[in-house]
Amino acid sequence: PPASQNNEQGSTLRDLLTTTAGKLRLGSTDAGIAFAPVYSTGTPSGKSGRTMPNILDDIIASVVENKIPPNRTPKINVKSEIKDEPKDDRKCILDDSSKLYNDIQYSWICDKHVLWLRDHKNSNNWKLFKECWKQGRPVLVSGMHKKMNFSLWKAESISLDFGNQQADILNCKDSIISNTNVKEFWDGFEDVSKRQKIKNGETALLKLKDWPSGEDFKAMMPARYEDLLKSLPLPEYCSPEGKLNLASHLPGFFVRPDLGPRLCSAYGEYPSEVERFPRRCRTTNLHIEVSDVVNILVYVGIAKGNGVLSKSGVLKKFEEEDLDDLLRKRLKDSSELPGALWHIYAGKDADKIREFLQKIAKEQGLEVLPEHDPIRDQSWYVNKKLRQRLFEEYGVKTCTVIQFLGDAIILPAGALHQV
């Protein structure tokens, strides 16, 4: 701007200094401004000396004393600006998204906590995703299976190609892990009569965890690896070569988290088991991932045999959950196939949840050791009754999501979840 206009308007920095100069006192800890001391008094060696806050105070006082004319009236009220409420980014996104992103098919679910991108093919999805991701909120993308070679992911196909492999298999009922031929797992995936038996003739509820994983996945299943990579949602973020996938571009001297991919497969639960094992009979207990993660449901099997849920029974079980209206509508769509039930919590609630679970453990007479962390140890599945108590006693809401065939659930690092 012209010099005359600049002189008339003044400098924002100068106005700020003018307004706050009178409140600055060397050694004072209640300056009443938006700056906070960063260094303690004295030098690290313990000798007295001028510290960084003192020097800054002197500089500011000097600038105010020597450079600002005494008749200058400050044009900024620092106090009133500090008191202004911060802008609610979440509300802003919800209010503006219908105008800014009208070329994207999307909805808000779970009390507007989760973004649902309904068209996986839309190349503009990442623009809206970016706004939600900055706030650390989960995102659901549906229809990924339509881009995949479905025959590669069938249980019998994997069993036929890799049945002779050995892997660690977890029995979810008694938490016993055994090194077993994976053919036994896959043969029982959709046929209960072929499942392993444990003590008292009970049927095992098995989970084939992270088999294969990372480089082993790529080496063992190259066709499936390529099929998965070309089908990833939001490739700008999720693809190993995505320009916004920061973890994959870290220099080699960083210790990277395991970025996968990993194949995680498990049997479903059924009514008699739920009653007998209310806490243990689950696929994945409450835990936290150290990196962002995208989980795609590539296959859902319908088991047959005594004691298993029919498809209508599965739907009824899902309907008993505290579901969003849009998820209930999806359940009634005959073209959709539900396969997994997720409960998700924001990372900011981790301490409250940890305290709650330790409290419940004490109520149940369990030993709570100082080094015990119920989240790190993955020792809890928070059932419906406990989820209600968690909300009533700690104000922590549960985000309940049903994952249908082809759904990708994208979680930020630090988000707690159970499946």
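Start by selecting Pro212, which sits in the loop between β6 and α9 (214-220). Helices here are DSSP runs of H or I with at least four residues, strands are runs of E with at least two, and both are numbered from the N terminus. Now add Trp211: the peptide bond joining Trp211 to Pro212 is cis, with omega about -15°.

Before moving on, two notes. The model is predicted, so to speak of a local feature takes pLDDT of at least 70 and side-chain atom pairs count only at pLDDT 80 or more, while totals for chains, interfaces and linings use all residues. Residue numbers run from 1 along each chain as its sequence is written, and side-chain values use heavy atoms, leaving out hydrogens and water.

Next, pick Gly260 and Pro261. The peptide bond between them is cis too, with omega near 5°. Pro261 belongs to the loop between α11 (235-238) and β7. As background, most peptide bonds are trans.

**The four-stranded sheet**

Follow that loop into β7 and colour the open sheet with the order β5-β4-β6-β7, where pairing is antiparallel. (Two strands pair if DSSP finds at least two bridges between them.) β5 (176-181) and β7 (265-266) are the edges, each with a single partner strand, so one side of each has no neighbour in the sheet. Zoom in on β6 (residues 206-208): two bridges tie it to β7 in the antiparallel sense. Leu208 has Ser265 in β7 as its bridge partner.

**The five-stranded sheet**

Now show the other open sheet, with strands in the order β1-β2-β3-β12-β9 and mixed pairing. Its edge strands are β1 (106-109) and β9 (293-296), each pairing on one side only. From one strand to the next, the twist averages 20°. Helix α6 (residues 125-133) packs on this sheet, touching β1, β2, β3 (139-141) and β12 (408-411), and its direction makes about 170° with that of β2. Contact means heavy atoms within 4.5 Å; axes are lines fitted to C-alpha atoms, for helices over the stretch in contact, and angles run from 0 to 180 degrees between N-to-C directions.

Between β1 and β2 (residues 114-117) there are four bridges, in the antiparallel sense. Ile109 has Val114 in β2 as its bridge partner. In the loop between β1 and β2, stop at Cys110. Its phi is near 55°, a positive value in a residue other than glycine.

**The second largest pocket**

Keep Cys110 selected and add Val396, Lys397, Thr398 and Cys399: of the 26 residues lining the second largest pocket, these five are the closest to its centre. The volume is about 870 Å³. (On a 1 Å grid over the protein atoms alone, a pocket is an open set of points where a 1.4 Å probe fits, with protein on both sides within 12 Å along at least five of seven lines; lining residues have an atom within 4 Å of a point. The volume is the space filled by probe spheres set on the points, which are joined across faces, edges and corners.) Which helix gives the largest share of the lining? That is α16, with four residues.

**Two helices**

Finish with α16 (residues 384-394) and α15 (residues 350-363), whose axes come within 11 Å and cross at roughly 120°. To see them meet, show side chains including Phe356 and Ile360 in α15, and Leu386 and Leu390 in α16.

Note on methods
Points joined across faces, edges and corners; volume = space filled by probe spheres on them.
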